Amino acid sequence: MQRKNYILKTNPHKNRSGFAMIMAIVVLVIITTIMALSLSLTTQTSKRTVDLYLYEQAVLYSKSAAEMALLSIAQNGCQNSFSTTFDSIYNANVTMRYVYNATVGTCTDYVNVTTPEQNGSVLMDITVSVNDANITTEPIHYFRRTIQKL
């Protein structure tokens with residue numbers, strides 16, 4: 001007796017419906033949509049993480065720039081500005097304005113005050129920015145104003 005190949009033979013009285021094929025296409029569309037949304041969310045999250053990291057670094061470098069500016073004032077006397085670069089990525093610019101009740105040394109850019117509590121201070125405007133366009137396309141710019149007693 002010969003075997004019959006029932007896989008290849010179809011019954012002419014039995015019609016197959018396209019429901020299974022439609023369900024397979026719907027499942028593929030749903031999976032593709034979920035994967036596209038997941039990829040989009042991952043891209044946004046990684047960009048936000050990089051921007052947050054760069055911003056936190058800029059905050060820390062602004063504190064370092066203030067300390068370096070104070071050291072420069074202690075070594076060189078009165079200065080109106082101070083600039084430095086950190087890790088060849090961040091530029092820090094410090095603009096200084098002095099608070100005295102009389103002229104001190106070679107300082108020409110100062111604010112006159114009459115109270116002894118404010119005498120001998122420096123106002124610093126510190127700006128830290130990212131100077132490399134390969135790291136981020138949006139500028140990371142941090143501005144800090146501080147008052148230091150000399």
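## One long helix and five strands

At 1.5 Å a residue, the 58 residues of H1 should span 86 Å, and the end C-alpha atoms of H1 sit 84 Å apart, which agrees. Keep in mind that what you're looking at is a predicted model.

So what else is in the chain? The secondary structure adds up to one helix and five strands. Going along the sequence, the order is α-β-β-β-β-β. Right after H1 comes glycine 77, with a positive phi of about 85°.

Now for the chain as a whole. It has 150 residues, and 25% of them are buried. Its accessible surface is about 11,300 Å², with 59% of that belonging to carbon and sulfur atoms. If you take the contacts between residues at least 6 apart in sequence, 55% of them join residues at least 24 apart.

Which residues touch the most other members of the largest nonpolar core? They are Tyr90, Val94, Met96 and Met124, in a core of 25 residues. Two or more residues of this core come from each of helix H1 (19–76), strand S1 (81–86), strand S2 (90–100) and strand S4 (121–130). The top contributor is H1, which gives nine residues.

Two residues of H1 make a handy pair to look at side by side. Both serine 72 and isoleucine 30 are found in this helix. Here is how they come out:

| Residue | Relative accessible area | Class |
|---|---|---|
| Serine 72 | 8% | buried |
| Isoleucine 30 | 47% | partly exposed |

The cut-offs explain the classes: buried means under 20% and exposed means over 50%, with partly exposed in between. At 8%, serine 72 therefore counts as buried, while isoleucine 30, at 47%, is partly exposed.

What does serine 72 touch, once its neighbours within four places in sequence are set aside? Its contacts are Gly77, Gln79 and Phe82. Gly77 is the glycine with the positive phi just after H1, and Phe82 falls within strand S1 (81–86).

Isoleucine 30 has a different story to tell. Together with Ile22, Val26 and Ile34, Ile30 makes a nonpolar surface patch of about 370 Å². Why might such residues line up? An α-helix has 3.6 residues a turn, so residues three or four places apart point the same way. The patch members are Ile22, Val26, Ile30 and Ile34, and the range of H1 is 19–76.

Technical notes:
Residues numbered from 1 in each chain as written. Predicted model: local features only at pLDDT ≥ 70, side-chain atom pairs only at ≥ 80, totals over all residues. Heavy atoms only, no water. Core = buried A, V, L, I, M, F, W, Y, C linked by side-chain atoms within 4.5 Å. Buried < 20%, exposed > 50% of the residue type's maximum accessible area, 1.4 Å probe, protein only. Helix = DSSP H or I, 4+ residues; strand = E, 2+ residues; numbered from the N terminus. Contact = heavy atoms within 4.5 Å. Areas by Shrake-Rupley, 256 points an atom, 1.4 Å probe, with all protein chains shown as cover. Expected span 1.5 Å × (residues − 1). Patch = residues over 30% accessible without salt bridge, like charges linked within 9 Å, V, L, I, M, F, W, Y side chains within 5 Å. Salt bridge = Lys/Arg side-chain N within 4 Å of Asp/Glu carboxyl O.
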